[in-house]
Amino acid sequence: MSTTDVPTKRGRPGYDQQSVLQIAVEVFNRHGYDATSMGILAENLGISKSAIYHHVPSKGDLLKLALDQALGGLEAILEEPRAQTGTAEARLEFVLRQTVSVLVERLPFVTLLLRLRGNTDIERDAMERRRAFDHKVAELISAARDEGSLRKDIDPRTVTRLLFGTINSIVEWYKPGGSLSPEKLADDVITMAFKGLHVPGAD
């Protein structure tokens with residue numbers, strides 16, 4: 001379920017559910033979800049705990065809404081026509097490029113997703129959805145390998161782990177609004193993944 005499926009509740013003027021969610025995600029990422037109490041959230045929002053309940057029933061609901069932001073963006077990639085038609089290599093490149101785009105566009109939400117520990121049912125469900133997404137990408141890698149687009153001397157599972165290790169690391173160092181644009185970042189990831197670091201034609 002996405003945030004659009006949940007009716008927006010109105011609380012204190014100046015806040016709506018989305019703005020509360022954005023601040024909550026920043027706090028979760030800074031302190032860790034488990035260590036963040038509703039009191040800490042209220043302090044960062046500048047409102048009372050009871051005012052938060054005008055927007056969401058619980059801290060867990062905030063977590064679920066945040067994770068839906070991240071996972072909904074990733075899952076939507078696989079529904080795009082370019083992820084479903086064409087060569088496996090072209091589909092893989094599209095999915096990886098769009099994954100970088102979603103990560104940058106929804107950076108705080110994806111950061112939260114990647115830092116889950118699986119301590120609650122909400123976290124475990126989110127991790128299972130993420131594994132399902134990764135599995136679809138692994139299938140594309142295997143298909144591209146079978147069609148002869150990708151080299152066959154590296155295990156597809158290793159390729160999948162290395163690709164996502166590279167892409168997931170972006171949350172730790174990328175600064176939106178800096179000199180490196182999201183488009184150039186995606187270009188660099190794709191170039192390194194598909195062409196490596198050797199200068200073309202060099203020994």
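Helices here are DSSP runs of H or I with at least four residues, strands are runs of E with at least two, and both are numbered from the N terminus. With that settled, start at Gly148: this residue sits just after α8 and takes a positive phi of about 90°.

Before moving on, some ground rules. You are looking at a predicted model, where local features need pLDDT of at least 70 and side-chain atom pairs count only at pLDDT 80 or more, while totals for chains, interfaces and linings use all residues. Residues are numbered from 1 along each chain as its sequence is written, and side-chain values use heavy atoms, with hydrogens and water left out.

**Zoom out: the whole chain**

Show the protein chain as a cartoon and you get eleven helices and zero strands. Its C-alpha trace spans about 65 × 35 × 30 Å along the principal axes. Colour by burial next: 38% of the 203 residues count as buried, where buried means under 20% relative accessible area, exposed over 50% and partly exposed in between, with a 1.4 Å probe and protein chains only. Now turn on contacts (heavy atoms within 4.5 Å). Of those with a separation of 6 or more, 64% join residues 24 or more positions apart.

**Select α8 (121-146)**

How far apart are the end C-alpha atoms of α8? They are 37 Å apart, which agrees with the 38 Å that its 26 residues should span at 1.5 Å a residue; the expected span is 1.5 Å times one less than the number of residues.

Now show side chains. Buried residues in α8 are Glu123, Ala126, Arg130, Phe133, Val137, Ala138, Leu140, Ile141 and Ala144. An α-helix has 3.6 residues a turn, so residues three or four places apart point the same way. To see what covers the buried residues of α8, add α4 (59-77), α6, α7 (107-114) and α9, which are among the covering elements.

**Step across to α4**

Pick Lys64, found in helix α4. Its C-alpha is 8.1 Å from that of Glu123, although the two are 59 residues apart in sequence. Is Lys64 buried or partly exposed? At 31% relative accessibility, Lys64 counts as partly exposed.

Click on Leu65, also placed in helix α4. Leu65 is buried, with a relative accessible area of 5%. Draw a distance from Leu65 to Arg30 and you get 18 Å, C-alpha to C-alpha, for a pair 35 residues apart in sequence.

**Look for empty space**

Two terms first. On a 1 Å grid over the protein atoms alone, a cavity is a set of points where a 1.4 Å probe fits but cannot get out; a pocket is an open set with protein on both sides within 12 Å along at least five of seven lines; lining residues have an atom within 4 Å of a point. Grid points are joined across faces, edges and corners, and a volume is the space filled by probe spheres set on the points.

The largest pocket holds about 570 Å³ of space. Select Arg151, Val159, Met192, Ala193 and Phe194, the closest to its centre of the 20 lining residues. Helices α6 (88-105), α8, α9 (156-168) and α11 (182-195) each give at least two residues to this lining.

Last stop: the largest cavity, with a volume of about 30 Å³. Its lining is made of Leu74, Thr99, Leu103, Val110, Arg130, Ile167 and Asn168, and α6 and α9 are the elements that give two or more residues to it. Arg130 is worth a second click, as a buried residue of α8 that also lines this cavity.
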